[in-house]
Amino acid sequence: MFFLLPLPIFLKFLLIYLYFTFMVMFLCYSFLVCFVASYWGFCGSVSLALLLVHFFNFSPALPTWIQFSTWGKTLPTRSEKGLFMFPKSLFSYFYLVASLVNSTIWFKLAFGEIDLTQNILVPHLSVHTALYIQLLNTFQSFRRLYECMFVSKFSTSARMHIGYAILGFTFYSMVSVTILASAGRIYFAVLPITFFLSPYVISGTLLFTFASYHQYVCHGILARLREGPATIAKYSIPHGDWFAYLSGPHYVAEFIIYLSYLVISKGESLLIWLMVIYVGLVMTYSAVTTHQWYIDNFKCYPKERRS
């Protein structure tokens, strides 16, 4: 039905994705779950559309307003200035908001419980699992805030689209809401030793630690490339750590971090599945566009690297 509409192909896929997401959520779950699922469904479908546009070279059909996943050096030159562009340094505020939201959640848990069972028909995660994933998520937000403030060096000329700015401010809060909604009712509890002996928790924690370390290292490598004034948007080829194999290893690490949440949850939460799918799509888009940018701008770019 949707393919018969006189619309660009990316909008057709967008409508199909949203249709099935809304139908499944509406038939099986409550309003809160529908809201969270529709958020990830919308973001994921737009990211899928961007990937299709990139791989099939449908760029003429892609309106400028929907290019919310481009920023910094991958942003088209014609779009670097304008009403809908903001400084890339806004990243710091994304993680500031995320850290405040997570701190508020822990403050609430210290004095009581968070009960969403009236809004959720079928909770999926146990209290212990939800607490542990939320703990890792809090660590992730504070670590990225530290990196943005003391490690990363943002060029004053680097910009991001307003769509990405809105996404950045809502994304990290929605991650926490997704974890809470997946549990339904959560309260502060001491995690038993047996919880940490679970193969899912062990493998998920190793993935999280492994990816967090390498993301921190890769962000440090990128920061050290900027030795000049912040007003100069100077780029060069990064080397070291995962950059020996990938053009965007920090994007791969980001995906692995959220994949670790799915592993720890044993794949039992549909909301976390939707969140991880979206992160995978948007990180893939960021990685392939970054890889193409390096190829277009550096003739001596290592051929063995992948996106």
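Start with the whole protein chain, which has nine helices and four strands. The model is a predicted one. Colour by secondary structure and follow the chain along its sequence: the order of elements reads α-α-β-α-β-α-β-α-β-α-α-α-α. Of the 307 residues in the protein chain, 52% are buried. Contacts between residues at least 6 apart in sequence can also be displayed for the protein chain; 80% of them join residues at least 24 apart.

**Stop 1: H4 and H8**

Select helix H4, residues 127–150, together with helix H8, residues 249–264. Two packed helices are described by the angle between their axes and the distance between the axes. For H4 and H8 the angle is about 165 degrees and the axes are 10 Å apart. Angles over 145 degrees count as roughly antiparallel, and H4 and H8 are therefore roughly antiparallel to each other. Their crossing is right-handed. Now show the side chains of the contact. On H4 these are Thr 129, Tyr 132, Ile 133, Leu 136, Asn 137, Gln 140 and Arg 143, and on H8 they are Glu 254, Ile 257, Tyr 261 and Ile 264. By class, the contact of H4 with H8 has six nonpolar, three polar and two charged residues.

**Stop 2: H4 and H5**

Keep H4 on display and add helix H5, residues 162–183. H4 and H5 pack at about 175 degrees, with 10 Å between their axes. The angle makes H4 roughly antiparallel to H5. Which residues make this contact? From H4 come Ala 130, Ile 133, Gln 134 and Asn 137, and from H5 come Val 175, Ser 176, Ile 179 and Ala 183. The contact of H4 with H5 divides into five nonpolar, three polar and no charged residues. Ile 133 and Asn 137 are listed in the contact with H5 and also in the contact with H8.

**Stop 3: H4 and H7**

Replace H5 with helix H7, residues 199–224. Are H4 and H7 roughly parallel or roughly antiparallel? The angle between H4 and H7 is about 5 degrees, with the axes 12 Å apart. H4 and H7 are therefore roughly parallel to each other. On the H4 side, select Tyr 132, Leu 136, Phe 139, Gln 140, Arg 143, Arg 144, Tyr 146 and Glu 147. They meet Val 201, Thr 205, Phe 208, Ser 212, Gln 215, Tyr 216 and His 219 in H7. The residues of this contact are seven nonpolar, five polar and three charged.

**Stop 4: Ser 265**

Go back to H8 and select Ser 265, in the loop between H8 and helix H9 (270–297). Ser 265 has a relative accessible area of 2%, so it is buried. Leaving aside neighbours within four places in sequence, Ser 265 is in contact with Leu 125, Thr 129, Ile 133 and Ile 272. Draw a C-alpha to C-alpha distance from Ser 265 to Ala 130: it is 7.9 Å, across 135 residues of sequence. Ala 130 also belongs to the contact of H4 with H5.

**Stop 5: His 291**

Move to His 291, which lies in helix H9. Its relative accessibility is 14%, so His 291 counts as buried. Not counting residues up to four places away in sequence, His 291 touches Ser 247, Tyr 301, Arg 305, Arg 306 and Ser 307. The C-alpha atoms of His 291 and Tyr 301 are 9.8 Å apart, and these residues are ten apart in sequence.

**Stop 6: Ser 92**

Select Ser 92 in helix H3, residues 91–111. Is Ser 92 buried or exposed? At 15% relative accessibility, Ser 92 counts as buried. Beyond residues up to four places away in sequence, Ser 92 touches Leu 145, Cys 148 and Phe 154.

**Stop 7: aromatic rings**

Finally, hide the helices and show the rings of Phe, Tyr and Trp. The structure holds 21 aromatic pairs. A pair of aromatic rings is described by the distance of the centres and the angle of the planes. Zoom in on Phe 195 and Phe 196: their centres are 5.4 Å apart with 85 degrees between the planes, an edge-to-face pair. Phe 195 is buried at 11% relative accessible area, whereas Phe 196 is partly exposed at 36%.

End with the aromatic cluster formed by Tyr 39, Trp 40, Tyr 95, Phe 139, Phe 171, Tyr 172, Phe 208, Tyr 258, Tyr 261 and Tyr 278. Among them, Phe 139 and Phe 208 are part of the contact of H4 with H7, and Tyr 261 is part of the contact of H4 with H8.

Key: Residues are numbered from 1 along each chain as its sequence is written. This is a predicted model: local features need pLDDT of at least 70, side-chain atom pairs count only at pLDDT 80 or more; totals for chains, interfaces and linings use all residues. Side-chain values use heavy atoms; hydrogens and water are left out. Axes are lines fitted to C-alpha atoms, for helices over the stretch in contact, and angles run from 0 to 180 degrees between N-to-C directions. Helices (H or I, at least four residues) and strands (E, at least two) are DSSP runs, numbered from the N terminus. Angles under 35 degrees count as roughly parallel, over 145 as roughly antiparallel, 65 to 115 as roughly perpendicular and the rest as oblique. A crossing is left-handed if the near helix is turned anticlockwise from the far one by less than a right angle, and right-handed if clockwise. Contact means heavy atoms within 4.5 Å. Ala, Val, Leu, Ile, Met, Phe, Trp, Tyr, Cys and Pro count as nonpolar, Asp, Glu, Lys and Arg as charged, and the others, Gly among them, as polar. Rings of Phe, Tyr and Trp (its six-membered ring) pair if their centres lie within 6.5 Å; planes under 30 degrees apart count as stacked, over 60 as edge-to-face and the rest as tilted. Buried means under 20% relative accessible area, exposed over 50%, partly exposed in between (1.4 Å probe, protein chains only).
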